[in-house]
Amino acid sequence: MDQALAVVEQREVEFYGDTIIAVRAQGGDVYVPLRPICDLLGVNWSAQRRRILRDAVLAQEAKGVAVTTTPSGSGAGGGRQEMLSLPLDYVSGFLFGINADRVKPEIRGRLIQYQLC
C-alpha cells in the first residue's frame, strides 16, 4: 500500500440505510474506506484485507486514506486513522468477492443489497 492520499473532503453518506465514510482525494477521486463496510457486514476485516492485497486489480487500486473518526459510544477510538480504501468505482468489485452464503443469515440481505448497488 502506498503512502496515504491527501484528503480534501470527508463526508458521511447514507448507503442503503447505513452510514459510510467517503473521502475526496486531492486529485478529485472519491475513495471509500473498507473496514467500516466490513464491520457493517459482520465479516472479518483481517481476512478481507488479505484478500484485497492478494487480488491483482484491488491491490493495485487500494490506497491508504487518513480519515477522522469519532469515538465509539464507550469513548474508545476516534481521531485520525489511516484506512485501506478503494476508489468508489472499485467497491462493487470488492463486495462481489464476499460470498453471501458465508455471512451470518441476518446480514445476508444487507450484503446482497450492497452488491446490487
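The following exchange concerns the salt bridges and burial in a predicted model.

This is a predicted model in which local features need pLDDT of at least 70 and side-chain atom pairs count only at pLDDT 80 or more, while totals for chains, interfaces and linings use all residues. Residues are numbered from 1 along each chain as its sequence is written, and side-chain values use heavy atoms, with hydrogens and water left out.

Reader: How many salt bridges does a search of the whole structure find?
Author: A salt bridge is a side-chain nitrogen of Lys or Arg within 4 Å of a carboxyl oxygen of Asp or Glu. The search of the whole structure gives a total of 3.

Reader: Which residues are joined into one network by salt bridges that share partners?
Author: The side chains of D18 and R110 meet in a salt bridge at 3.1 Å, N to O. This pair links distant parts of the chain, D18 in strand 2 and R110 in helix 5 (residues 105–115), 92 residues apart; strands (E, at least two residues) and helices (H or I, at least four) are DSSP runs, numbered from the N terminus. Elsewhere, salt bridges that share partners form one network of E9, R11 and R24.

Reader: Is D18 buried or exposed?
Author: Buried means under 20% relative accessible area, exposed over 50%, and partly exposed in between (1.4 Å probe, protein chains only). R110 has 29% and is partly exposed. D18 has a relative accessibility of 9%, so D18 counts as buried.
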